[in-house]
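The following exercises ask the reader to work through parts of a protein model step by step. Each task is followed by its solution.

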Amino acid sequence: MHLLSVEHITKSHGDKLLFEDVTFGVAEGDRIGIIGVNGTGKSTFLKVIAGLEPADSGTVSVGSRVRIRMLAQDPVFAPGETALEHVLGGESPQLQAVRAYSAALAELERRPDDVKLQERLIAANQKMDELDAWRMESEAKTALSKLGIDDYGAKVETLSGGQRKRVAMAAALLQPSDILILDEPTNHIDNESVAWLEGMLQKRRGALLMITHDRYFLDRVSNRVIELDRGRAYFYEANYSRFLELKLEREEREAASEAKRQNLLRNELAWIRRGAQARSTKQKARIDRYEALKAQGPKASAGKLDVSVASARLGKKIVELEGVGKSYGDRVLIRGFSYIAVPEDRVGIVGRNGSGKSTLLKLIAGKLQPDEGSVELGPTVKIGWFSQEHEEMDGNLRVIEYIREGAEQVRTAEGETISAGQMLERFLFPPAMQWTPIAKLSGGEKRRLQLLRVLMDAPNVLLLDEPTNDLDIATLTVLEDYLDDFPGVVFVVSHDRYFLDRTAERIFAFEGGGVVTKYTGNYSEYEEQAARNAAASSAPDASAKPKSASPAETRTSERERPLKMSYKDQKDFEQIDGWIAEAEMSLKSVAARMEAAGSDSALLQELMEEQRKLEEKLDGLLERWTELNELAEKIATQKKNG
């Protein structure tokens with residue numbers, strides 16, 4: 001079903017062209033990821049589609065009954081609104097019934113003897129039953145809990161910025177819409193919440209448009225990609241993995257076409273320089289052809305981000321934590337934690353929101369003092385701190401003035417000394433942009449500027465607190481490459497699983513109650529190890545099994561207490577062969593579908609998960625089959641000997 005049409009839209013901010021002559025359609029089932037370097041206009045693109053900003057030219061046509069809902073980066077809330085009230089704030093009959101019931105219940109609690117209120121509550125209860133609205137309220141509370149909001153009655157205005165974003169996300173997911181638009185939905189939520197959100201969006205009907213830097217998330221959720229690049233939009237019928245392949249093919253074609261154009265241009269230029277007489281019609285046409293070839297040149301390249309900054313020398317003693325503890329009131333965040341950093345350490349720090357991850361970084365940086373234990377830094381340590389809390393920047397300062405406050409010059413990793421302006425160019429701030437007031441930069445451009453300021457100080461211990469928030473994928477890729485060669489130590493708090501897999505070689509996991517467990521490996525390896533540990537802890541303790549009886553004792557026991565199958569055992573025994581055959585057939589079917597899926601990585605991921613569950617089911621059935629057949633043999637033996 002076709003939901004929305006975008007025809008020839010163009011948008012500029014001042015002299016900067018964001019996108020030009022963009023045309024495409026959105027149908028039910030489309031899950032579209034929007035990709036582009038910070039400052040290319042991704043958020044503005046979504047706002048134009050949602051009708052929140054006008055295009056300079058072109059049209060956006062929406063079906064008469066199509067409902068669009070957008071989760072903005074800075075959501076707006078009503079004064080005094082609670083978290084649950086905001087989530088239930090839509091206009092569907094079910095949501096209206098939930099609000100009516102909640103209001104009647106609240107009033108009746110204040111005036112329990114009011115007969116009219118009692119009748120009103122009964123009527124509201126019946127309406128809830130008719131519309132199955134109880135499920136809606138339950139789903140709203142579940143969504144809030146999964147996103148880390150456990151106090152449903154908390155006033156939204158009292159929550160942190162990240163918590164408010166999560167409340168708005170729960171509302172966007174629960175309130176009915178045909179097109180859901182999400183701007184950086186994975187910012188400010190932990191890994192567990194990201195996994196839940198993936199599942200919700202994969203199951204959701206309707207269409208989805210989203211901006212996200214989370215490459216695993218984009219790969220698993222999207223089935224189309226729109227790339228904004230230098231004012232143009234490129235369209236790919238693919239998830240993120242396939243998009244990378246198709247983009248490479250496109251760039252190779254463009255490079256070949258440009259090489260051919262340059263060759264023709266050289267030939268035409270050589271002809272003109274030999275002294276062409278423009279009076280001849282044929283010669284005039286050839287000069288026109290030369291001018292046309294010149295005009296066909298590609299748009300100026302967006303440039304390539306280059307992070308090449310030297311770091312200060314690091315001594316033997318780096319960071320040493322001994323028995324560190326930190327609490328806030330009765331809440332213990334860190335208990336008895338010890339660690340000694342070694343050269344080129346790459347530590348990823350994970351855990352639920354509010355568990356104490358950022359607190360650990362602040363203890364290392366000396367911004368907080370431990371309640372117990374000690375944190376010691378080596379004499380040569382020079383810390384670079386990149387916080388998730390957006391630094392207050394003077395909006396009147398120009399880009400180059402902000403960087404010059406840190407350093408006029410910087411030494412690169414190659415030993416070259418370059419100016420602040422040259423370094424800005426390497427960070428995709430061209431000369432004309434360097435004199436732009438900071439207030440006019442996009443959120444992502446400000447974050448990139450802050451990162452440059454941190455690296456220009458030549459740190460040798462980097463503390464990165466959610467560095468992936470608001471940075472585009474291109475910048476993250478270059479930052480990952482920089483960290484590969486960085487000779488110092490890195491501690492990074494992140495919910496971005498791809499970034500942790502690329503950069504971390506050790507994981508500190510906050511597991512509640514102040515416990516911080518250390519794992520060796522990247523994030524995916526940590527997940528596997530944590531799952532094995534959980535399975536082992538839930539399995540029965542082999543050491544607690546009773547001592548095996550002797551054969552004589554067993555025979556005596558069997559004679560004294562005749563064996564028999566329970567009703568359930570008997571039913572399972574009769575049907576289990578069929579169940580096993582059915583599970584084996586399902587596995588074969590999944591294997592065939594995986595072969596047919598080809599390079600559709602999102603579908604392959606779903607099929608791999610289905611295969612894993614079927615294999616677990618088959619293992620359980622085979623264990624049950626063995627147990628029942630052993631019991632049947634014992635019963636037969638007992639009857640024969642009896």
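**Exercise 1: A sheet and its helices**

In this predicted model, strand 12 (residues 346-350) and strand 19 pair in the parallel sense over four bridges. Starting from this pair, determine the order of the strands in the sheet, its edge strands and the helices that pack on it.

Solution.
1. Locate the register of the starting pair: Val-347 stands opposite Arg-506 in strand 19.
2. Follow strand 19 (residues 506-510) to strand 20 (residues 516-520); these two run antiparallel and are joined by five bridges. Here Phe-510 is opposite Val-516 in strand 20.
3. Examine the hairpin of strand 19 and strand 20: five residues lie between the strands, and Gly-512 takes a positive phi near 95 degrees.
4. Assemble the sheet. Six strands in the order 14-17-18-12-19-20 form an open sheet with mixed pairing. Strand 14 (383-386) and strand 20 are the edge strands, as each pairs on one side only. From one strand to the next, the twist averages 15 degrees.
5. Add the helices. Helix 11 (residues 357-365) packs on the sheet and touches strand 12, strand 14, strand 17 (461-465), strand 18 (489-493) and strand 19; its direction makes about 155 degrees with that of strand 17. Helix 15 also packs on the sheet, touching strand 14 and strand 17, and its direction makes about 170 degrees with that of strand 14.

**Exercise 2: The buried side of helix 12**

Identify the buried residues of helix 12 (residues 399-406) and what covers them.

Solution.
1. Val-399, Ile-400, Tyr-402 and Ile-403 are buried, with under 20% relative accessible area as the cut-off.
2. These residues are on the same side of helix 12, because they cover an arc of only 160 degrees around the axis.
3. Their cover includes helix 13 (420-426), helix 14 (431-434) and helix 15 (443-456).

**Exercise 3: The two faces of helix 4**

Check the length of helix 4 (residues 115-131), then describe its faces and its ends.

Solution.
1. At 1.5 Å a residue, the 17 residues should span 24 Å; the end C-alpha atoms are 25 Å apart, which agrees.
2. Leu-117, Leu-121, Ala-124 and Met-128 are the buried residues of helix 4. They fall within an arc of 65 degrees seen down the axis, so they line one face of the helix.
3. That buried set packs against helix 3 (93-110) and helix 5 (133-146).
4. The face turned away from the buried side carries the exposed residues Val-115, Lys-116, Glu-119, Ile-122 and Glu-130.
5. At the N-terminal end, Asp-114 caps helix 4 through a side-chain oxygen that lies 3.0 Å from the backbone nitrogen of Lys-116. Just after helix 4, Asp-132 takes a positive phi of about 55 degrees.

Definitions and conventions
Residues numbered from 1 in each chain as written. Predicted model: local features only at pLDDT ≥ 70, side-chain atom pairs only at ≥ 80, totals over all residues. Heavy atoms only, no water. Buried < 20%, exposed > 50% of the residue type's maximum accessible area, 1.4 Å probe, protein only. Arc of directions from axis to C-beta. Contact = heavy atoms within 4.5 Å. Pairing = 2+ DSSP bridges. Axes fitted to C-alpha atoms, helices over the stretch in contact; angles between N-to-C directions. Expected span 1.5 Å × (residues − 1). Polar contact = N/O pair within 3.5 Å; in protein donor to acceptor, adjacent residues only side chain to side chain.
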